[in-house]
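Here is a protein model to work through by question and answer. Keep the sequence and the structure open as you read.

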Amino acid sequence: MTPISRAAFLLFTTLLAVTWYTESAQADCNPASPVDDDNVVCDDVTDSTGFDGSTATGLTITTSGTAVLDESGALDSAILASDDNDITIGVDATITVTEANGFGINAGDNNMITNQGTINLNMIDGATAINVGDGNTVVNEGTITIAGDNGTGIRGNDANGMGSLTSPILNNEGIIMITGADGVGIRGNNDNFVNVEASGTIVLDGARGRGIQIGDNTTGVLPAGAVNRGTITVNTDNSFAIESGDNAGVATLGTIDLIGDFTRGISAGSRTDPLLAADISNSGTLNVGGADSIGISVGDDWIRGGIVGEAGPNARGVANFAMGQIDVTGDRSVGIFAGDLSNAANTNNSFVLNEGIINVGIDGMGTSVGVDAIGISVGGNDLFTSFDFLTAEFPDGANVLNRGMIIGGRDAMPLIVIREFVAGSENRVFNAADAAIRADLTDRVFADRGVAIRGTTGVELIDNSGDIRGDIELLAGDDRYVHRQGATLTNPDDGPSVFGGPGNDVAVLFDNSVAAEIFDLRHLDGFETVEVGGGSFGWDLVNGAGFAGAVEIVDNGRLRLVTPLTLGGDFSANPTGTVELTLAATPTLTVMGASVFDGTLSITVDPSLPGGAPPLLAISALGGFTGQFDFVPPVQGLRVLEATYAPAGLFIQLVSDDAVGVASGSIPRAIAKHLDDIKAVGSPSPDLQNLLDDFDTASGNLNNVFRALSPEIYDAQTQAIVDGGRRVTNLLFNRPRECAIGERVSWQKADAQLPCHAHTWSAWLAGVGGIRSREKFGDHAKYNAQLGGLVFGVDLRPMDDLDLTIAISSQRGTVSGDNRGSSTITLTDLMGQFAWNRGPLRVQGALGWGHGFHQDRRRIRFSEEGLTDTNVRGLDDHDSDRISLGAEVGYIFDAGDFKVEPIGGLDWAWVYQRPIHEVETSGFGIRIDSRDDAVGSLNAGVRASTSYLHSRYLGQWFLWMDGVWQPSIDVRWRQVVTGWDRKIDARLQGAPSGVSDFTIKGREDRGGAEIAAAVSFTPKDANRLQFDLRYESFVSSHTVSQDLTASVQISF
């Protein structure tokens, strides 16, 4: 064989061997050339130049045993697949990538890929363990190691994030180790969803690495494009645990450890579309141990929801939630950094919510570690403008809202820093109730130490409902500090805590609705004004001598002056404000500057002060004053307070030492006189005597005791008796007139006549009900009365122009006073009525007798400072009798289809009530002898009525409407001419025999308008029946009474 032929043979056999070897190796993944929907198994091979499944779809690819694959062949992929495949790398399988820019698995779209084995990226550049197209789900349950530079563990393309939290897209449940530089554990493009489960771990040991890196959120479907429930450890400098693009939310619920310097836990872009659902949050543990590192760093416009027009309602901005903890122990490191530093306009608008714990420069053992660490750093905003606490609804939104704990170490910088401001806008920090911002005060004398919050030279609002320990530095600008119910400020030397600086700085004491609070004015430095704001309870100010600013009581504010207070500046009170002052021998308030007196002055008297003493200087106005206060109440126990104003200020004098002297109004004075008479001789009732003895030291308003003892509620029963009789009289008088033969039908053709039926006698039954409510006015307490029942009557017509009626009735109801108990009344009546009709004229009269049964249950209740609380009920039953007389005249005029009837009438009632002797009330019960009352009134007005013969209907259901309808409307004026102020002579059960009765007068409104509407219906096919319905109301200055009657009548 020639040398040439020998060489040719060797070349041929070598190519044949290579070809045979390659075909033999590919055959280890069978079938080697799959078709759609085939099952492919890669068995125990020792090497492979790659399996090509790109020509088929719907494949199921698995490994068997210790399969070892690499991409050393022309495919550049250990496994190359197309779309819609299911690929699983078994636990014992290994994929090795040995060439630059090679792939372990390189798949198309909509695949399900699971790695349970090991994928190694050797020390080569740009390799990827798993690379997928769109719509894939990738799960790493095994181990991926990235040894070369620029390597990627899992990489997805756009649209891999259109799933939900229950079907993750790029998911790590195993281990991803990165030792090469610039490596990425999981890289997702726009709208990818990346998830690290609790069992998942990513370790960055290569420079400038990224644990997770995702693109932008362009759809808003995913509020969090990256979720970490596992552990990401960042050991090398300039590396990030999670990096995200614009609008892409991130949530970490696991652990992130930042050990290298210049590292980031979360590094997020900006929020360019505020309506896309996205937020940045930590609910796990974020350890910022490297120097110059940041736990969470975000760009601009991460706005919390609720700011109208700026964010979706569920947007939460940047949040460290209740289960989250951020530990900042690296030098010059920051827990949360919000806002893009490159934004020269400072319109960052990124806001932070903390509900968890942020430890700044302090470790878990309480040891100070890390120098110059910061808890939260935020930029400026152009969304918030200053608002008036007194007139505007409190707005939502703040640069920082703290609902958790922010704790600083000895060498920490300010715990919260506002870096920049926008002119015309307001930066805000809200510290919620039960929240805390606590700096270490050990080195407070040094710059940047012991600072809780630092503002800018712009406008800041610090709103504190929790605990702030350390300085609040507001620098220049018109700043405000708001101190709410339960808030605290702490400094070890009781010196200033809040520093205002240049500008008009205001401290607002606000929202004191639970209990009185104390505010130490020494906390303020550089403030021009303190505003005492609204709340149910007052604010106590202390240590005011050194405060040179103004103290203003603003709308609905309450300033308590329990102990002497000196103010170094001006003082003013708003017309709706209140000063609560405890009167003592020395001035309770001394004002060095000018004073404005206005609003309400409520005074409590020191019990040791004697009555009748010379006037006491209560407010010393050294700088002069203008205006005067109103007193509420002017009574303290047995003392009446009188105010006088002199150049020195406000003087208060105590006058009167008896009950009559402090009583206000005729009813309280009558009862007070009775109590003074009893006190003079002593009461046989221990309870009543103890009450009288306690009057000497009481500081409450005794007028409330006098009103509680008043028997005026029994006069309300008298009115209920009168109303019961008038209700039956009105029922008889206000029935429609009988139909006259030949009477024309209104609203019909001219010759149409009403179908009249001559009635000899009729029987009828009516239901009646009424309520009366009189409001409190003057000395007279509010009461409500309700009565209802049935009336049965018979009408007779002995002659053409005369109608007679006999009626019996029974009504039952209650009379209840405002905090006076409720009594039950049952009334029975027998009444006769006549009606004389002569053409358009009708004259009516009625006479009746009624009897009442009264179950009396009067409540006696009072609770005043210095007196024993009393709550008893007086019990008794008594009877009453009433004679009622009524008359009415009306004359009808035709007015087209209507009839107009001027009406005038009178009603009189004579009421007799038997004695009342209350029991079960100790000495507080009432004894009232029998009494007679007469009540008379006149009324005049006009009635408009018409008749309508209905004969058309819409369907069979409305056949019942055929017949004669007679609607009417009344308008009258009623004037009470006698009995509107009725006497009650009474005495307390505990009064000794030598003490006279007292007399009070109940009082009702003398006049009022009556408005009524009624309708009567006589069916066409049952014209012996008549149905009537009437509503009537009486309205006066303090009283509203409403009656409703309904009756049915059958005639013969």
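The questions below concern a predicted model and take up its domains, one helix and two single residues.

Q: Which domains does the domain assignment give for the protein?
A: The assignment places domain 1 at 317-494 and domain 2 at 505-657. Another domain is written in three pieces, 712-753 + 762-949 + 974-1005. That one is domain 3.

Q: How many residues does each side bring to the contact between domain 1 and domain 2?
A: The C-alpha centres of domain 1 and domain 2 lie 34 Å apart. The contact between them takes 15 residues from domain 1. From domain 2 it takes 19 residues.

Q: Which strand gives the largest share of the side of domain 1 that touches domain 2?
A: The area buried between domain 1 and domain 2 is about 1600 Å², with 56% from carbon and sulfur atoms. On the domain 1 side, the largest share is five residues. They come from residues 480-484, strand β46.

Q: How many residue pairs are in polar contact between domain 1 and domain 2?
A: Salt bridges between domain 1 and domain 2 number zero. Polar contacts are counted for pairs with both residues at pLDDT 80 or more. The count of such pairs is nine.

Q: Why do the buried residues of α4 lie on the same side of the helix?
A: The buried residues in α4 (residues 686-694) are Leu 688, Gln 689, Leu 691 and Leu 692. In an α-helix there are 3.6 residues a turn, so residues three or four places apart point the same way. The buried residues of α4 share a side because they cover an arc of only 155 degrees around the axis.

Q: Which elements do the buried residues of α4 pack against?
A: Two of the partners are helices, α3 (666-681) and α5 (703-709). The others are strands, β72 (841-862) and β81 (981-988). The full set is α3, α5, β72 and β81.

Q: Is Val 579 buried or exposed?
A: Val 579 sits in strand β58 (residues 578-583). Beyond four places in sequence, its contacts include Ile 553, Leu 561, Phe 571 and Phe 629. Its relative accessibility is 1%, and under 20% counts as buried. Val 579 is therefore buried.

Q: What is the relative accessible area of Thr 718?
A: Thr 718 belongs to helix α6 (residues 713-733). Leaving aside neighbours within four places in sequence, it touches Gln 913, Arg 931, Asp 933 and Arg 982. Thr 718 is buried, and its relative accessible area is 0%.

Technical notes
Residues are numbered from 1 along each chain as its sequence is written. This is a predicted model: local features need pLDDT of at least 70, side-chain atom pairs count only at pLDDT 80 or more; totals for chains, interfaces and linings use all residues. Side-chain values use heavy atoms; hydrogens and water are left out. Buried means under 20% relative accessible area, exposed over 50%, partly exposed in between (1.4 Å probe, protein chains only). Helices (H or I, at least four residues) and strands (E, at least two) are DSSP runs, numbered from the N terminus. The arc is that of the directions from the helix axis to the C-beta atoms. Contact means heavy atoms within 4.5 Å. Domain bounds come from an automatic or database domain assignment. Buried area is the accessible area (1.4 Å probe) that two parts lose on being put together, summed over both. A salt bridge is a side-chain nitrogen of Lys or Arg within 4 Å of a carboxyl oxygen of Asp or Glu. A polar contact is a pair of N or O atoms within 3.5 Å; within protein, one must be able to donate a hydrogen and the other to accept it, and residues adjacent in sequence count only if both atoms are side-chain atoms.
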